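Got your viewer open? Load the model, and we'll walk through it one selection at a time.

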Amino acid sequence: MYKALTIAGSDSGGGAGIQTDLKTFAALGVYGTSVITALTAQNTKGVHGIHPVPPDFINCQLEAVLSDIPVHAAKTGMLGDAKTITAVADSLNKHRVSNLVVDPVMVAQSGDRLLQEDAVDALRDKLLPHALVVTPNLPEAEVLLGRQITTVDAMVAAAREIRLMGPRHVLVKGGHLEGQDMVDIFFDGRTIHHLSEKKLDTPHTHGTGCTYAAAIAACLAKNLSPYDAVTRAKQFITDAISHGICVGGGYGPTNPMGALLRELELSRASQALYKALAALQKTPACANILADGRSNIFYSLEGANSLEDIASFPTPLYRCHNTIAQAGDPVFAGGLYPEEMLLQAHQKDARIRGMINLRYTPEMALAASALNYKTVKLSGDFAKLSEIPEVLVIEPTEEQEGQIILFARTPQEAAQKTAGLARSFSGC
Ligand SMILES: Nc1ncnc2c1ncn2[C@@H]1O[C@H](COP(=O)(O)OP(=O)(O)OP(=O)(O)O)[C@@H](O)[C@H]1O
Ligand SMILES: Cc1ncc(COP(=O)(O)O)c(N)n1
């Protein structure tokens, strides 16, 4: 297994530093080891206190890890002071850790200092020359160069100059620049690359710099080239910000696990929906009770709180050679009526996670009652129903077509009920 090391501070709020680094390594499939340089008493609003770890004990941690677990890459984050920087640089040198990402953390997003002012020289002179990639944000690049950087052109010039300080590659991050495009500049000594993504409208960006640098280190550990590592990491940080977590009263953290968990949820949803489809296909009569161009199978994630948590096939089911077919793999928030009803049903009764909507005929409504399915005829607002029935009958009006909706604990159970209804309705 690929292994990486983070040398950084602990963020008690869980959003930056060691905590996000280890989550990022795990999300990218890399085994994470850690050397803690400082404990911070921190939350989403700011840093309440810093308890530095003595350099001797930082060395002790470095020796313990590196003498036993050879790592494929390492990253540094908050180092705090010049003595720590020297201890870390000496140890990385001794153990010949070559895939090193240096995130020159100086000030937290909240404005609290994380590196003593007189430690900047040590950072520049002792650590930057060992870096394969250094990742300053704009204020850090300004401190390193002693001048303001306010444009993309100035970021390009900064990347060239910072490279003269010794790192083999420089990534100047532009998250602090005004504008709708989030542009970073990557310089490999020959070519300037622009990495650009659209700005996401979210306040939950605590720990972005740490997550980004940890993702670069994880990708280097997996043998990607520095350019491929930063481009993959840029995609990773954008995803992690898009899944940012709303915790605390300040800036919530990025979510390194967000995209991965979403993929897992979609794959579980797909399995559940395909199982339900297979159950419908076993009973050919089910094709007779579909609502033309409107029937679908729906699946709700546990604890769903928006349509983004409701999956379905991307287009309605259709009859094909006497069976039922679908045209594409499941998606979340497919925009298909009546997905909102499953969301409301699940919010009212957490056991309900599957739904199928069918054609309305008065005979079908009668057949459902005859089968002893708990059936309710909708009159008024669905949201006002005190209990979710097994079968909801929506009679046609001048404005809308009628529909019969089956609710169940799983899509497969809804499909089995559909099959029961189809058999009884067709007299089989
Ligand atoms: N709102 C956003 N939408 C999309 N990408 C963003 C957003 N904010 C920051 N980023 C991206 O996140 C990465 C890190 O950003 P930034 O330049 O803010 O680093 P940083 O200051 O070290 O981070 P932080 O101090 O918040 O941990 C960059 O690639 C930046 O473009
Ligand atoms: C332990 C630690 N390390 C790094 C940061 C920087 O992250 P941010 O700039 O998002 O506050 C932090 N706040 N705390």
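Which residues surround ligand 2? Select them and you should get Gly 9, Ser 10, Ala 16, Gly 17, Gln 42, Met 78, Ala 108, Gln 109, Leu 114, His 206, Gly 207 and Cys 210. A residue makes that list if one of its heavy atoms lies within 4 Å of the molecule.

Before going further, a word on what you're looking at: this is a predicted model, where local features need pLDDT of at least 70 and side-chain atom pairs count only at pLDDT 80 or more, while totals for chains, interfaces and linings use all residues. Residues are numbered from 1 along each chain as its sequence is written, chains are lettered from A and ligands numbered from 1 in the order in which they are written, and side-chain values use heavy atoms, leaving out hydrogens and water.

**Stop 1: ligand 2**

Stay with ligand 2 and look for polar contacts (pairs of N or O atoms within 3.5 Å; within protein, one must be able to donate a hydrogen and the other to accept it, and residues adjacent in sequence count only if both atoms are side-chain atoms). The side chain of Gln 42 puts an N or O atom 2.8 Å from a nitrogen atom of the ligand. At Gly 207, a polar backbone atom sits 2.6 Å from an oxygen atom of ligand 2. Gln 109 also uses its backbone: an N or O atom there is 3.0 Å from a ligand oxygen. On its own, ligand 2 exposes 360 Å², and the protein buries 92% of that (areas by the Shrake-Rupley method with a 1.4 Å probe; for residues, only the protein chains shown count as cover).

**Stop 2: follow Gln 42 into a sheet**

Now colour by secondary structure. Helices (H or I, at least four residues) and strands (E, at least two) are DSSP runs, numbered from the N terminus. Two strands pair if DSSP finds at least two bridges between them.

Select residues 31–42 and 47–52: these are strands β2 and β3, running antiparallel and joined by five bridges. They form a hairpin with four residues between them. Gln 42, which you just met beside ligand 2, stands opposite Val 47 in β3.

Zoom out to see an open sheet of nine strands, ordered β3-β2-β1-β4-β5-β6-β7-β8-β9, with mixed pairing. The edges belong to β3 and β9 (192–198); each has a single partner strand, so one side of each has no neighbour in the sheet. Next, select helix α8 (226–242), which packs on this sheet and touches β6, β7, β8 (181–187) and β9. Its direction makes about 15° with that of β9. Contact means heavy atoms within 4.5 Å; axes are lines fitted to C-alpha atoms, for helices over the stretch in contact, and angles run from 0 to 180 degrees between N-to-C directions.

Where does Val 183 find its opposite number in β9? Look at Ser 196. Here β8 and β9 run antiparallel with seven bridges, and Gly 189 in the turn of their hairpin has a positive phi of about 100°. For a parallel pair, try β6 (133–134) and β7 (169–172), joined by two bridges.

**Stop 3: ligand 1**

Jump to ligand 1, which has 17 residues around it, the closest being Asn 137, Lys 173, His 176, Asp 184 and Gly 209. The side chain of His 176 has an N or O atom 2.8 Å from a ligand oxygen. A polar backbone atom of Gly 209 is 2.7 Å from an oxygen atom of ligand 1. Taken alone, this ligand exposes 620 Å², of which the protein buries 92%.

**Stop 4: the second sheet**

Select residues 273–417, which UniProt lists (unreviewed entry) as "domain: Thiamine-phosphate synthase ThiN". UniProt positions are given in the numbering used here, feature names are shortened, and annotations may be inferred rather than shown by experiment.

Now find the open sheet of seven strands, β14-β11-β10-β15-β18-β17-β16, again with mixed pairing. Strands β15 (354–359) and β18 (403–408) pair antiparallel over six bridges, and Met 355 has Phe 407 of β18 as its bridge partner. Helix α10 (339–348) packs on this sheet, making an angle of about 35° with β10.

**Last stop: two backbone oddities**

Most residues other than glycine have a negative phi, and most peptide bonds are trans. Now check Arg 96: it isn't a glycine, yet its phi is positive, about 50°. Then go to Tyr 337 and Pro 338, joined by a cis peptide bond with omega about 0°. You'll find Pro 338 in the loop between β14 and α10.
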